[in-house]
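Here's a walk through one chain, strand by strand. Have the structure open and follow along.

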Amino acid sequence: MTTPAWYKIGLVTDIPKRGARCLNTPLGRVAVFRTADDRVFAMEDRCPHKGGPLSQGIVHDRSVTCPLHNAVISLESGEMKGPDEGTVKTFAIRIDAQSQTIEISFDAVAAEPFVEAAE
Ligand code: FES
């Protein structure tokens, strides 16, 4: 079993409350969301319904509403709550309590996994 690699992607305050930022990765675009209570979640920036950009959706509680057809997707599990079925791949996030630096893990991705956003 290998230890997952963690990559610094910026500070919590780099993401607007109830908003998102995007990372370009070999896995595709990844959206990193910040909730109103400063929780941070990451998932593919692609709605399982018809590929809508979830990073442009509306963040509410622990969910995001897709901007194209209003599907609600859990930021915690990636599961679509309706009107369709599907799941978005989520990625592990950890935050350094002192510096508020966000780190992400992509599990199976090797070196140079993404173009880091401006810090
Ligand atoms: S593309 Fe997201 S709900 Fe249709």
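## A pair to start from

In β4, Val-32 has Ala-42 as its bridge partner. That pair belongs to the antiparallel match between β3 and strand β4 (residues 40–44), which runs over 5 bridges. A quick word on terms: strands (E, at least two residues) and helices (H or I, at least four) are DSSP runs, numbered from the N terminus, and two strands pair if DSSP finds at least two bridges between them.

Before going further, note that this is a predicted model: local features need pLDDT of at least 70 and side-chain atom pairs count only at pLDDT 80 or more, while totals for chains, interfaces and linings use all residues. Residues are numbered from 1 along each chain as its sequence is written.

## The sheet

The chain has 10 strands and 0 helices. Where does the β3–β4 pair sit? It is part of an open sheet of 6 strands, in the order β1-β10-β9-β4-β3-β2, with antiparallel pairing. The edges are β1 (7–11) and β2 (19–25), each of which pairs on one side only. From one strand to the next, the twist averages 30 degrees (axes are lines fitted to C-alpha atoms, for helices over the stretch in contact, and angles run from 0 to 180 degrees between N-to-C directions).

Here are the pairings, each with an example of residues that face each other:

| Strands | Bridges | Example pair |
|---|---|---|
| β1 and β10 | 4 bridges | Gly-10 and Ile-102 |
| β9 and β10 | 4 bridges | Ile-93 and Ile-104 |
| β4 and β9 | 2 bridges | Met-43 and Thr-90 |
| β2 and β3 | 7 bridges | Gly-19 and Arg-34 |

Some of these neighbours are hairpins. β2 connects to β3 through 2 residues. Between β3 and β4 there are 5 residues, and Asp-38 in that turn has a positive phi of about 65 degrees. The β9–β10 hairpin also has 5 residues between its strands, with Gln-100 in the turn at a positive phi of about 65 degrees.

## What's inside

Of the 119 residues in the chain, 29% count as buried, meaning that 20 or more other C-beta atoms lie within 10 Å of the residue's own (exposed is 12 or fewer, partly exposed is in between, and C-beta atoms are placed from the backbone). Strand β3 (residues 28–34) is mostly covered, with 5 of its 7 residues buried.

The largest nonpolar core has 26 residues, and those touching the most other members are Ala-31, Val-32, Phe-33, Ala-42, Met-43, Leu-54 and Ile-73. Such a core is a set of buried Ala, Val, Leu, Ile, Met, Phe, Trp, Tyr and Cys residues joined through C-beta atoms within 7 Å. The elements giving two or more residues to this core are β2, β3, β4 and β10.

What does Met-43 touch? Leaving aside neighbours within four places in sequence, its contacts (C-beta atoms, placed from the backbone, within 7 Å) include Ala-31, Leu-54, Leu-75 and Phe-91.

## A loop residue

Now look at the loop between β1 and β2, where you'll find Arg-18. Why does Arg-18 count as partly exposed? Because it has 15 C-beta neighbours inside 10 Å. Not counting residues up to four places away in sequence, Arg-18 touches Thr-35, Ala-36 and Val-59. The C-alpha atoms of Arg-18 and Ser-63 are separated by 9.9 Å, though the two residues are 45 apart along the chain.

Notes: Two residues are in contact if their C-beta atoms, placed from the backbone, lie within 7 Å.
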